[in-house]
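Visitor: I should like to understand how the terms used for a structure are justified. Could you take me through them one at a time?

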Amino acid sequence: MKFKTDYLLFNTTSRFQLLNITPLIEKILKESGIKEGLCLVNSMHISSSVFINDDEVGLHRDFYKWLEKLAPHEPIGQYGHNDTGEENADAHLKRQIMGREVVIAVTNSKLDFGPWEQIFYGEFDGMRNKRVLVKIIGE
């Protein structure tokens, strides 16, 4: 069994941002030499997410509107977490909704996606350094 561990670093230009990280994961997979196995992609921060969906700008706007409706950033005082001096309770809730990680099958040296599937990093409390773990195991 072989494995490869890598880390992606992000510092987004806005508080909310969705980044297609599929090409970065494919590059790491190619470097690994693994032909059959599993690829874990995991956000290592509790105010960001990794998820799989379509890379379509209208859908991305819909995610933003939907998440803001479910967990609006303001007013800041609506969240008990923000009583600690933080102002990112909404980001924690958005992460809970969008998820922590994804696992993708590796088949024939490729990420085994369905139609239109892509891997995204979702940032909900941006403009500071964040990491994503990429762990690939297999043969």
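Guide: Let us begin with a term. A salt bridge is a side-chain nitrogen of Lys or Arg within 4 Å of a carboxyl oxygen of Asp or Glu. Please bear in mind that this is a predicted model.

Visitor: What makes the meeting of D90 and R15 a salt bridge?

Guide: The N to O distance between the side chains of D90 and R15 is 3.0 Å, and the limit is 4 Å, so the pair qualifies as a salt bridge. D90 lies in helix α3 (residues 89–98) and R15 in the loop between β1 and β2, so the pair ties together parts that are 75 residues apart in sequence.

Visitor: Why is D90 called buried?

Guide: Its relative accessibility is 0%. Buried means under 20%, so D90 counts as buried.

Visitor: Which partner does R128 have in a salt bridge, and how far apart are the closest N and O atoms?

Guide: The partner of R128 is D125, with the closest N and O atoms 2.5 Å apart. Salt bridges that share partners also join R15, E68, D90, K94, D125 and R128 into one network.

Visitor: Why is R128 termed partly exposed, and why is D125 termed buried?

Guide: R128 has a relative accessibility of 39%; partly exposed lies between 20% and 50%, so the term applies to R128. D125 has a relative accessible area of 12%, which is under 20%, so D125 is buried.

Visitor: How many salt bridges does the structure hold?

Guide: The structure holds eight salt bridges. One of them joins K130 to E123, the closest N and O atoms being 2.7 Å apart. Both K130 and E123 are buried.

Visitor: What makes F16 and Y64 an edge-to-face aromatic pair?

Guide: The structure holds five aromatic pairs, among them F16 and Y64, at 4.8 Å centre to centre and 70° between the planes. Ring centres must lie within 6.5 Å, and planes over 60 degrees apart count as edge-to-face, so both parts of the name are justified. F16 lies in the loop between β1 (2–10) and β2 (17–20) and Y64 in helix α2 (residues 57–70), so the pair ties together parts that are 48 residues apart in sequence. F16 is buried at 19% relative accessible area, whereas Y64 is partly exposed at 39%.

Visitor: Why is the pair of F51 and F120 called stacked?

Guide: The planes of F51 and F120 are 20° apart, and the centres 5.5 Å. Planes under 30 degrees apart count as stacked, so the name applies to this pair. F51 lies in strand β4 and F120 in strand β7 (residues 118–123), so the pair ties together parts that are 69 residues apart in sequence. Both F51 and F120 are buried.

Visitor: What makes the link between the side chains of S48 and S43 a polar contact?

Guide: The side chains of S48 and S43 come to 2.5 Å, and the limit for a polar contact is 3.5 Å, so the distance fits the term. S48 is placed in strand β4 (residues 48–53). S48 is buried, with a relative accessible area of 0%.

Visitor: How do you know that β1 and strand β8 pair?

Guide: Nine bridges join β1 to strand β8 (residues 130–138). Two strands pair with at least two bridges, so β1 and β8 qualify. The two strands run antiparallel, and T5 stands opposite K135 in β8. Strand β3 (residues 37–43) also pairs with β8 in the antiparallel sense, over seven bridges.

How values were computed
Residues numbered from 1 in each chain as written. Predicted model: local features only at pLDDT ≥ 70, side-chain atom pairs only at ≥ 80, totals over all residues. Heavy atoms only, no water. Helix = DSSP H or I, 4+ residues; strand = E, 2+ residues; numbered from the N terminus. Buried < 20%, exposed > 50% of the residue type's maximum accessible area, 1.4 Å probe, protein only. Polar contact = N/O pair within 3.5 Å; in protein donor to acceptor, adjacent residues only side chain to side chain. Phe/Tyr/Trp six-rings, centres within 6.5 Å; stacked < 30°, edge-to-face > 60°.
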